[in-house]
Amino acid sequence: MNGEDTAAPYARAFFWKGQVTSMQSFEFYSPTRILFGADTELQAGAQIRALGCSRVLLVCGGNSAAASGLLARVEQCLEQAGLAVRTLSGVHPNPRLSLAREGVRQALEFGADFILAVGGGSVIDTAKAVADGAANPETDLWQFWLRKIPLTRSLPVGAVLTIPAAGSECSDSAVLTNEETHEKRGLGSDLHRPRFAILNPALTTTLPPYQVACGVVDIMMHTMDRYFNPCTDNNLTDELAEGLLRCVIQNGRRALEQPGDLHAMSELMWAGSLSHNGLTGLGGTKDFAPHQLGHELSAMFDATHGATLSTVWGSWARYCLDANPGRFVRFGSRVWGLEAGSKTPNEAALAAIEATEQFFHGLNMPTCLSELGCGVLDESTLGELAYGCTYYQTRTIGTFRVLNEEDILAIYRLANH
Ligand code: NZQ
Ligand code: ZN
């Protein structure tokens, strides 16, 4: 699929011919029913009933859903639909394996046949883990996350989303932290795709600005971690990714300047779901190295996911730029509206990286380790991060540029100020 790049001839001129390949074969599976709009949370009961389920374990976070009245509203709607409900609250951001295990125990005791998440990515991921564990009572669920045992069945999950960010409401992934080993790991399976996702933007108006900003970064990164891949082409997937990024940048700014702006939150909410259901990466090979670099920071410092991504991205980008400067030039042109003018490809690529970091700063997001709040780290701590990120020297990360332990350490060093 080699179309003409009419909008940015200078970007096209900088494409490195060796890097441009045709769109790869793909399979797209995004089975989640989306219910978008005002009061859609009141449809949760009917949705679960229609799936033939009757006993619901409702999973939620610390306090926000209870404080806003959402939790009571959803519980009442489930009961009115004739469903039996038990509630498990207390999911922590960077959700813990221990609470997921407790959820499995409760789901089995209660005889749950459906797990409903009311919250953000942490709650939805816990719900997915509980569904896995409850469908496989003979297996400790961490075995699935360690890939020791393949996941072959799970219970159905639904989500009432309260924060546009992780995209878990449509994704195949669930990310858990084993607090005993300080390992943060994701597990991908189509069994994890929620049956339905309820997206009512009004539910996000209680979000603190910091969480809105972290969400904006995360949504962008789900797209950028796909956009920067080794099979770049000029195709519809690129156009979708660039359009989504422009929309998130514009509405991310607006959401922070005008807290509670429903239009901005609506756009972010829909973009968040589309950014991680696979759409913005079709035909390419996912990179996701910045995500892996960020997960190690969350595992070690319990740092908020979105903030870890803005912390590492600029350092990752500068380190990997030579793999395909033209891709960054196109990104600068299409996403940030930058003109390359007389710049060399590397200069234009660096300008695109700087524009991205400036945007992150404008959201009060960190772009280095000290801004993330973990200070400037010593060499042994950086080494520990790099070692953990390779899963103890058993893997490389990334595809745009494949990164080994030495590369990972070099990127952490670049971010260490
Ligand atoms: O616990 P409560 O009181 O609900 O407070 C939460 C939490 O403190 C608060 N919050 C959520 N909705 C709110 C609200 N506060 C006020 N009003 C509302 N409407 O926000 C805080 C963060 O919640 P969390 O669920 O952690 O946020 P997010 O959606 O960003 O999820 C982050 C987690 O998802 C994982 C991340 O690694 C992290 O663990 N991810 C999951 C992915 C997936 N499953 O596909 C992909 C992502 O890349 C990501 O890794
Ligand atoms: Zn993410």
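Trainee: What span should the 14 residues of helix α5 have, and how far apart are its end C-alpha atoms?
Mentor: This is a predicted model, in which local features need pLDDT of at least 70, side-chain atom pairs count only at pLDDT 80 or more, and totals for chains, interfaces and linings use all residues. Residues are numbered from 1 along each chain as its sequence is written, chains are lettered from A and ligands numbered from 1 in the order written, and side-chain values use heavy atoms, without hydrogens and water. Helices (DSSP H or I, at least four residues) and strands (E, at least two) are numbered from the N terminus, and the expected span is 1.5 Å times one less than the number of residues. For α5, residues 97-110, the expected 20 Å agrees with the distance between the end C-alpha atoms, 20 Å.

Trainee: Which elements do the buried residues of α5 pack against?
Mentor: Buried (under 20% relative accessible area, 1.4 Å probe, protein chains only) describes Leu97, Ala100, Gly103, Val104, Gln106, Ala107 and Phe110. By contacts (heavy atoms within 4.5 Å), these buried residues pack against β2, β3, β4, α6, α7 and β6.

Trainee: Which residue just after α5 takes a positive phi?
Mentor: Helix α5 covers residues 97-110. The positive phi, about 75°, belongs to Gly111.

Trainee: How much of the accessible area of ligand 1 does the protein cover?
Mentor: An oxygen atom of ligand 1 is 2.7 Å from a polar backbone atom of Gly62, and a nitrogen atom is 2.9 Å from one of Ser173. Of the 950 Å² of accessible area (Shrake-Rupley, 1.4 Å probe) that ligand 1 has on its own, the protein covers 89%.

Terms used: Polar contact = N/O pair within 3.5 Å; in protein donor to acceptor, adjacent residues only side chain to side chain. Buried < 20%, exposed > 50% of the residue type's maximum accessible area, 1.4 Å probe, protein only.
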